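User: I'd like to go through this one together, starting with how far to trust it and then moving on to the helix packing. Can you take my questions one at a time?

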Amino acid sequence: MPDSPTDPQGGAQQPDAEHAHALQVEVHEITANSRTFARAFGDLRTGLSQRELWLQLGWQDIKQRYRRSVIGPFWITIATGVQAVAMGLLYSVLLEVELRTFLPHVTVGLIVWTMIQGAIIDGAEVFIKNEGLIKFLPSALSVHVYRLAWRLFLLFVHNILIYVIMLAIFRPSLDWSSLLAIPGLVLIMLNVVWVTMFFGIFATRYRDIQPILNSMTLLLFFMTPIVWTTEGLIARGGEAADRARIVEINPLYHYLEIVRAPMLGNSVALYHWGIVIACTVVGWVLTIVALRNYRARVPYWV
């Protein structure tokens, strides 16, 4: 009877078992290492360091969309301006509001809302639309998020032309407090990044989230004081005034207000800043947790 060390079966089984165990340990270590906060923050940092990539991709997105067009991206500006004028004229008549104050309210509201809406709707598709790049281009996941945020910012800059025209026509009284719109815009951009990342991850895993977000965004548009004003409801008194106070529950109202009010020469109540900052912190915490747990799975989900 042969000794066990020289037994072909015994000698073959032991290395196989050791190899399988070593492979299992290695896979476990890779999975454990990928689900750390250090990897999540590292992804965000790496994405920022690859700014030449997402800056160029974001600009190419706009150029490609309006390829062979004479005026290019300014079609976005024209569309937003026509929409603002049409809604301003219509709702000023329906709500019996003075056009001189109401049209700037609607115009700036639409400009800011376009960025918020883009973060929610386009953010849900940010990884799905970049499937090829995610699978074949070795880059951080956050590159695609920064790319979308940069594109939305460029669209915002284009739409600022409407605001400049509005200033020339209606001449609202602006002062140094109007510069508060800059930190307000910075806060919104910080929220654009986490909203895009958060919804992008879960909408990639659960494809039903995207149509839900589309419907929810449309509903939020009419719930947010863009084509109507809280002052107008309060002036009516009674139940209308109570409805105006209910709008405080909508966080998008506060995001809108920290940018729109300074741009129109109005003061911003401190609680608007507090609510936006609190939502920003909570949103980023949830996003970092989601990035930690699921960033490694996104390439398999797309």
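User: Over residues 25-31, how many contacts beyond four places in sequence does the model have?
Analyst: This is a predicted model, and pLDDT stays under 50 over residues 25-31. Where pLDDT is low, the coordinates shouldn't be read in detail. For contacts beyond four places in sequence, the count over residues 25-31 is 0.

User: And over residues 1-13, how many such contacts beyond four places in sequence are there?
Analyst: Residues 1-13 are another stretch where pLDDT stays under 50. The number of contacts beyond four places in sequence there is 1.

User: Which element has the highest mean pLDDT?
Analyst: For the protein, mean pLDDT is 84, with 83% of residues at 70 or more. Helix H1 (residues 8-34) sits at the bottom among the elements, with a mean of 51. At the top, with a mean of 96, is helix H8 (residues 181-205).

User: Are H8 and H13 roughly parallel or roughly antiparallel?
Analyst: Helix H13 covers residues 270-294, and its axis comes within 9 Å of the H8 axis, crossing at roughly 30°. An angle under 35 degrees counts as roughly parallel, so H8 and H13 are roughly parallel.

User: How many nonpolar residues does the contact of H8 with H13 have?
Analyst: The crossing of these two helices is left-handed. On the H8 side the contact includes Leu-187, Trp-194 and Phe-198, and on the H13 side Trp-273, Ile-277 and Trp-284 are among the residues they meet. By class there are no charged residues and 5 polar ones, while the nonpolar count is 18.

User: H7 also crosses H8, so what does the angle make H7 relative to H8?
Analyst: Helix H7 (residues 142-170) has its axis within 9 Å of the H8 axis, and the two cross at roughly 140°. Roughly antiparallel would need an angle over 145 degrees. That makes H7, relative to H8, oblique.

User: Which handedness does the crossing of H7 and H8 have, and how many polar residues are in their contact?
Analyst: H7 passes H8 in a right-handed crossing. Residues making the contact include Tyr-146, Leu-152 and Phe-156 of H7, along with Met-189, Val-192 and Thr-196 of H8. Charged residues are absent and 12 are nonpolar, which leaves the class you asked about, polar, at 2.

User: What about H5 and H9, how far apart are their axes?
Analyst: Helix H5 (residues 99-121) and helix H9 (residues 209-223) pack at about 160°, so they are roughly antiparallel. Their crossing is right-handed. The distance between their axes is 10 Å.

User: In the contact of H5 with H9, how many residues are nonpolar?
Analyst: Trp-113 and Ile-120 are among the H5 residues in the contact, and Leu-213 and Phe-221 are among those in H9. The contact has no charged residues and 3 polar ones, and its nonpolar count is 7.

User: For the annotated span 211-228, what percentage is helix?
Analyst: The unreviewed UniProt entry annotates residues 211-228 as a transmembrane region, and 106-128 is another of its spans. Residues 106-128 are 70% helix with end C-alpha atoms 33 Å apart. For residues 211-228 the end C-alpha atoms lie 26 Å apart, strand is 0%, and helix is 72%.

Conventions. Residues are numbered from 1 along each chain as its sequence is written. This is a predicted model: local features need pLDDT of at least 70, side-chain atom pairs count only at pLDDT 80 or more; totals for chains, interfaces and linings use all residues. Side-chain values use heavy atoms; hydrogens and water are left out. Axes are lines fitted to C-alpha atoms, for helices over the stretch in contact, and angles run from 0 to 180 degrees between N-to-C directions. Helices (H or I, at least four residues) and strands (E, at least two) are DSSP runs, numbered from the N terminus. Angles under 35 degrees count as roughly parallel, over 145 as roughly antiparallel, 65 to 115 as roughly perpendicular and the rest as oblique. A crossing is left-handed if the near helix is turned anticlockwise from the far one by less than a right angle, and right-handed if clockwise. Contact means heavy atoms within 4.5 Å. Ala, Val, Leu, Ile, Met, Phe, Trp, Tyr, Cys and Pro count as nonpolar, Asp, Glu, Lys and Arg as charged, and the others, Gly among them, as polar. pLDDT is the predictor's confidence in each residue, from 0 to 100. UniProt positions are given in the numbering used here, feature names are shortened, and annotations may be inferred rather than shown by experiment.
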